[in-house]
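Here is a structure to explore at your own pace. Turn it around a few times, then read on for a guided walk through it.

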Amino acid sequence: MMHDRPTSAASFFDAKYRDRVDPWDFETDPYECARYGSVLTYVDPLRHRRVFEPGCSIGVLTEQLARQCDTVHATDISPIAVQRTRDRCSAYPGVTVSIGGVIPHPGELFDLVVFSEIGYYLDEDALAVAVGAIPASVAPRGRFLAAHWIGYSPDHILHGFEVHRVLHRVFAGWTHRVHDVHVDRRRDGFVIDVWDCE
Ligand SMILES: C[S@@+](CC[C@H](N)C(=O)[O-])C[C@H]1O[C@@H](n2cnc3c(N)ncnc32)[C@H](O)[C@@H]1O
């Protein structure tokens, strides 16, 4: 079903970034720091040299990926978020940041896609279509890594587990390497799934 929800508009996120520099406390919250640590567990710098990270926000994870990988192409629907990620990652020549969505440009090829906390802003059909276009941009032996919060927010169209259910369908032909649910009493927690293309 198609939703005409504000969360599909750049202005919705720009308003959040105008209100607060770091609306989700990605820079400072120990929970977020631990979540990034879990995500990075599944990044192999020798193998995952070219990374695509849609929905990069202010680039806290982007910078951590840039420390390990040769190139990171980060996108965000919000121009304000894109500028913050550019500023944060300006010391990393391998980082490019553009205003954009979930689908890479034709011809781009990546070893790793990090799909973190973005899927629930799309409805099920839009998510399946957008993510369904990603495999064409993943190199042989490449990886798709998804991580989503498992709490409830009025901003979200889908719950984190619903997002990962859609991803399971899209990546059914790939090797499913990891399914990990991190429960956090204070912050609900998050789910990670990893698929390899082989
Ligand atoms: C919760 S933040 C995720 C940040 C980051 N991925 C992380 O894990 O720390 C969600 C970000 O996704 C962006 N976003 C939402 N829908 C998007 C879309 N369709 N395409 C690109 N970015 C989108 C928002 O602007 C926001 O910056």
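Let's begin with how the chain folds back on itself: among its contacts with a separation of 6 or more, 67% are between residues 24 or more positions apart. Keep in mind that this is a predicted model.

So what is the chain built from? Its secondary structure comes to six helices and seven strands. If you trace it along the sequence, you meet them in the pattern α-α-β-α-β-α-β-β-α-β-α-β-β.

Next, the overall dimensions. Taken along the principal axes, the C-alpha atoms fill a box of roughly 40 × 40 × 35 Å. The radius of gyration is 15 Å, which agrees with the value near 16 Å that a compact globule of 198 residues would have. As for what is tucked away inside, 53% of the 198 residues count as buried.

Now zoom in on a pair of helices. Two packed helices are described by the angle between their axes and the distance between the axes. Here, take helix α1 (residues 10-19) and helix α4 (residues 79-88): their axes come within 7 Å and cross at roughly 55°. That angle makes α1 oblique to α4.

Which residues do the touching? On the α1 side they are A10, D14, Y17 and R18, and on the α4 side they are P79, I80, A81 and R84. Sorted by character, the residues of this contact divide into five nonpolar, no polar and three charged.

Stay with α1 for a moment, and look at which of its residues are hidden. F12, F13, D14 and Y17 are buried in this helix, and α4 is included in what covers the buried residues of α1. Two of these names should ring a bell, since D14 and Y17 are also among the α1 residues that meet α4. There is a handy rule for reading a helix like this: an α-helix has 3.6 residues a turn, so residues three or four places apart point the same way.

From here, hop over to strand β5 (residues 138-149), where you will find A146. Is A146 buried or exposed? With a relative accessibility of 0%, A146 counts as buried. Leaving aside neighbours within four places in sequence, A146 is in contact with F115, H164, L167, V191, I192, D193 and W195. Try locating V194 as well: A146 and V194 are 48 residues apart in sequence, yet 6.3 Å apart in space, C-alpha to C-alpha.

One of the contacts of A146 is H164, so let's go there. H164 is found in helix α6 (residues 160-170), and H164 is buried too, with a relative accessible area of 2%. Not counting residues up to four places away in sequence, H164 touches A146, A147, H148, V191, I192 and D193. Compare that with the contacts of A146, and you will spot V191, I192 and D193 in that list as well.

Last stop: the cysteines. How many disulfides does a search of the whole structure find? The count is zero. C56 is in no disulfide, and the nearest cysteine sulfur to that of C56 belongs to C89, 8.0 Å away. Why no bond between C89 and C56? Their sulfurs are too far apart for one at 8.0 Å, because a disulfide needs a pair of cysteine sulfur atoms within 2.5 Å. Both cysteines are out of sight, though: C56 is buried, with a relative accessible area of 5%, and C89 counts as buried at 3% relative accessibility.

Definitions and conventions. Residues numbered from 1 in each chain as written. Predicted model: local features only at pLDDT ≥ 70, side-chain atom pairs only at ≥ 80, totals over all residues. Heavy atoms only, no water. Axes fitted to C-alpha atoms, helices over the stretch in contact; angles between N-to-C directions. Helix = DSSP H or I, 4+ residues; strand = E, 2+ residues; numbered from the N terminus. Parallel < 35°, antiparallel > 145°, perpendicular 65-115°, else oblique. Contact = heavy atoms within 4.5 Å. Nonpolar A, V, L, I, M, F, W, Y, C, P; charged D, E, K, R; others polar. Buried < 20%, exposed > 50% of the residue type's maximum accessible area, 1.4 Å probe, protein only. Rg over C-alpha atoms; globule rule 2.2 N^0.38 Å.
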